[in-house]
Each structure stands twice: as structure tokens, then as C-alpha cells.
Amino acid sequence: MSDKVVLYTDGACKGNPGPGGWGVVLRYGGAVKTLHGGELNTTNNRMELMAAIMGLKALKRGCPVELYTDSQYVRKGITEWLANWKKNGWKTAARKPVKNDDLWRALDEEVLRHKINWHWVRGHTGVPDNELADQLANQGVDELVLG
């Protein structure tokens, strides 16, 4: 059995900012685990980041990970922008503070534990685990709002 883990992550927000949720589908071998949660006052981008962070945190040890997200913000942030943000003292190319740097720092810490291939998948196109991650993210919102 391969020790490769497959993660699908998604975030949702009712209003932006507003109540938000995150969802994760984690596959390892034949096992499937789902996670979700939310925050009362947040943004969609923060929930997308939280999904990736919480999915990686759920892994008990470092391993190869195929991580799928429908967020270009997350995928490009981690694969293209992060190195320069760190080099520039957490400033963007325009010398402005990086938004959500607390979560980017947390994600960067989690990434160091694993060998991750980052994949972008178009949302709401019928990819089963992406659709499930979306449902979980919305469940995270609903549990906050509806109780």
C-alpha cells in the first residue's frame, strides 16, 4: 500500500466577510476521513487556507500528499508567491503587507512536514471529492449559523 495521501480542500463564506466554513476530504489507501469547521467572521480566502492547513495538520506524520484545491489563491500563493513574501519580510511585490499572513505562516509550517504536489481543480464541475469538500465547507457554515 502506498503511503500517499490525497486531500481535497474547500472553503465557503456566506458574505465576504461573513460566516465561513472549511471542508477536507482525506483519502489514504481505502480509508476516507472528512473534516469541517468554521468561523463567524471571516473571508472565503481565509477558509480556503484553513481547509489546507487543517487537512495537513490531520496527518500524524510526514508523507507524500496530493492536495487538490479549487482556489487559485491557495495554489498560486503556496507555489509561486510565498517564497518572495518570505524573502521580502511578508510584503507583496507592491511592498504592502501580505493579507492573511497568519494563515500563510501556519500553512508554510505544515508544508515543511510533507512532500506535496499542489493541484488546482475547477470548482462545481462534478469532481466527487471536490463536491464533497464543498458540502463539508458549507456544513461548517451552517453549523455556526443554524446551530
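Of the 147 residues of the protein chain, 47% count as buried. The model is a predicted one. The chain holds 4 helices and 5 strands. Three residues in its loops deserve a look: Pro 17, Asn 100 and His 124.

**Fold and order**

- The secondary structure consists of 5 strands and 4 helices.
- Along the sequence, these elements run β-β-β-α-β-α-α-β-α.
- The pattern opens with three strands in a row and ends on a helix.
- Strand 1 covers residues 5-13, and strand 2 covers 18-28.
- Helix 2 spans 72-87, and helix 3 spans 101-111.
- Strand 5 takes up 115-120, and helix 4 takes up 128-146.

**Overall shape and packing**

- The radius of gyration of the protein chain is 15 Å.
- A compact globule of 147 residues would have a value near 15 Å, so the chain agrees with that expectation.
- The C-alpha trace spans about 45 × 40 × 30 Å along its principal axes.
- Consider contacts between residues at least 6 apart in sequence: 66% of them join residues at least 24 apart.

**Surface and charge**

- The protein chain has an accessible surface of about 7600 Å².
- Carbon and sulfur atoms account for 51% of that surface.
- The chain carries 20 positive and 17 negative charges.
- The mean positions of these two sets of charges lie 7 Å apart.

**Backbone exceptions**

- Most peptide bonds are trans, and most residues other than glycine have a negative phi.
- The bond between Asn 16 and Pro 17 is a cis peptide bond, with omega at about 20 degrees.
- Pro 17 sits in the loop between strand 1 and strand 2.
- Asn 100 is not a glycine, yet its phi is positive, near 60 degrees.
- Its loop runs between helix 2 and helix 3.
- His 124 also is not a glycine, and its phi is positive at about 60 degrees.
- The loop that holds His 124 lies between strand 5 and helix 4.

**Buried or exposed?**

- Asn 100 has a relative accessible area of 15%. Buried means under 20%, so Asn 100 counts as buried.
- His 124 has a relative accessible area of 58%. Exposed means over 50%, so His 124 counts as exposed.

Key. Residues are numbered from 1 along each chain as its sequence is written. This is a predicted model: local features need pLDDT of at least 70, side-chain atom pairs count only at pLDDT 80 or more; totals for chains, interfaces and linings use all residues. Side-chain values use heavy atoms; hydrogens and water are left out. Helices (H or I, at least four residues) and strands (E, at least two) are DSSP runs, numbered from the N terminus. The radius of gyration is taken over C-alpha atoms; the globule rule is 2.2 Å times the number of residues to the power 0.38. Buried means under 20% relative accessible area, exposed over 50%, partly exposed in between (1.4 Å probe, protein chains only). Contact means heavy atoms within 4.5 Å. Accessible areas come from the Shrake-Rupley method with a 1.4 Å probe; for residues, only the protein chains shown count as cover. Lys and Arg count as positive and Asp and Glu as negative; His and the chain ends are not counted. The place of a charge is taken as NZ of Lys, CZ of Arg, CG of Asp or CD of Glu.
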